[in-house]
Amino acid sequence: MVILKLCLIFLLIIFMIRFHIPLWISVAAATFLAGFLFKMDPLLFLNEIKHTVFGIDCIKLLFITYGLILLQQLMEEQNMLSDAEKNLCALAPNPKAGSLISPVITGLLPSPAAVLIASTMFKKRYEKILPADVMAFATTYFRHIPEALLPVYTNVILMCAVTGTPEWKFLLLMLPYALLNFLIPYFLYLKKADMPEVSEYHDRPRLTLFFHAFKALWPIFLIITLILCLHVDTMAAVFLTLALFILLNRLSVQKLCHFLKSSLNWNMLLMVVTILAFTDILSLTKATDKLLTLCLDVKIPLFLIYGAIVFAGSIFSNFTAMIPTVFPLAVSTVGSPVAMAIYLASLGHLANQLCPTHMCISLCAEQFKVSINDIFRHTLPVSLIMLVMTTLLYLCMAAIF
């Protein structure tokens, strides 16, 4: 019954999106349906919504999203993003592959709105060459690769903590998965595309290219440095960088007011609020715990059971919720705990790219003016291949470790 309820909830989102209803309305409707199907107390339901919407996490994320939208527009107005894209492509031996560097770099920013900067850089170069849905898929998919293995992300730190896996070993063993995540979508969608093979900056010395790329992207690197090295709060890092950018470029009050107003993208901001509310309500229903109990009764290999639970749970709920729920039990009941930790981490990351309420995908869809269904249409073939490859990687690791 719990599986049927979850399917109904997500079918509602997909159905409403199919009829071009804004995602935030679709998610809001699914939130109310979840409360109804799981028979939540109306007062508890409304209190949880209120707690989420007016909670510090939601407010901070709204400010971060707005701040990064503003930063993106200011950088775009100075032609910094297009210049960075040209220099990065010229740096790479293969400009096609080099074009994927920009989404990966912005993937180091621990905020969903960072995908807006990546999409702007990608769109500048390829909007006349690639369809909008392919650009949207490539931007959001490649932007999330660093999130799978770098021990600066909350999920990675949490996975290492609950499984007892050293962070250096986790990063090292996740490299094959990360490499496949580059290669499979690249060969499926980008290699065959008629993309430019020569950058207009190809005759510049490599040191000059690197300097100009760094100069064009200095606000992104500054935010990353403030967060990762100096442990500055993300919201503070974004607005400190914005303040420095405004001072260095001596923006007039009139121009600044124009960008402050144009950066208020209500669709994106409402999307942030409704997705956070939906996630909290679904977590309150304990649907993932019920899903775990059901799956453990099935007579199939244990590693596949745990993998299916993490994969399905990450799509229906969120990957973070799967880590404390499934990972400790999984690594304690199999022969190779390290291989199991890598396997589940890979599947959770993979499933996160198919989650209808994944905020980055929603923001990217809005930026490219496509449906999230258009993005998923390209994600699904990659995910199916990656599921097979990830399982083979697990079997190899389990035989070694």
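In the predicted model, Lys-39 sits in the loop that connects helix H2 (23-37) with helix H3 (42-53). Although Lys-39 is not a glycine, its phi is positive, at about 55°. Lys-39 has a relative accessibility of 74% and is therefore classed as exposed, the cut-off for that class being over 50%.

A positive phi is also found at Arg-250, a residue other than glycine, where the value is near 50°. Arg-250 belongs to the loop between helix H15 (234-249) and helix H16 (253-262). With a relative accessible area of 76%, Arg-250 is exposed. Lys-39 thus lies in the H2-H3 loop, and Arg-250 in the H15-H16 loop.

At the start of the chain, a nonpolar patch on the surface is formed by Met-1, Leu-4 and Leu-8. Together these three residues present about 330 Å² of accessible area. Leu-8 is part of helix H1, which covers residues 2-18. The relative accessible area of Leu-8 is 40%, so this residue counts as partly exposed, a class that lies between the limits of 20% and 50%.

The description now turns to the interior. Tyr-141 is located in helix H9 (residues 132-143). Its relative accessibility is 2%, and Tyr-141 is counted as buried because this value falls under 20%. When residues up to four places away in sequence are left out, Tyr-141 makes contact with Asn-181, Pro-185, Leu-350, Gln-353, Thr-379, Val-382 and Met-386. Val-104 is separated from Tyr-141 by 37 residues in sequence, and the C-alpha to C-alpha distance between the two is 9.3 Å.

Empty space inside the model was also examined. Rolling a probe the size of a water molecule over the atoms reveals where such space remains. One cavity of 30 Å³ or more was counted, and the largest cavity holds about 50 Å³ of space. Helix H12 (167-190), helix H21 (337-352) and helix H23 (372-400) are the elements that each contribute two or more residues to the lining of the largest cavity. H23 provides the largest share, with four residues. The lining consists of Leu-173, Tyr-177, Ile-342, Tyr-343, Ser-346, Thr-390, Leu-393, Tyr-394 and Met-397.

Technical notes. Residues are numbered from 1 along each chain as its sequence is written. This is a predicted model: local features need pLDDT of at least 70, side-chain atom pairs count only at pLDDT 80 or more; totals for chains, interfaces and linings use all residues. Side-chain values use heavy atoms; hydrogens and water are left out. Patches are made of residues with over 30% relative accessible area and no salt bridge: like charges are joined within 9 Å, nonpolar side chains (Val, Leu, Ile, Met, Phe, Trp, Tyr) within 5 Å. Accessible areas come from the Shrake-Rupley method with a 1.4 Å probe; for residues, only the protein chains shown count as cover. A salt bridge is a side-chain nitrogen of Lys or Arg within 4 Å of a carboxyl oxygen of Asp or Glu. Buried means under 20% relative accessible area, exposed over 50%, partly exposed in between (1.4 Å probe, protein chains only). Contact means heavy atoms within 4.5 Å. On a 1 Å grid over the protein atoms alone, a cavity is a set of points where a 1.4 Å probe fits but cannot get out, and a pocket is an open set with protein on both sides within 12 Å along at least five of seven lines; lining residues have an atom within 4 Å of a point. Grid points are joined across faces, edges and corners, and a volume is the space filled by probe spheres set on the points.
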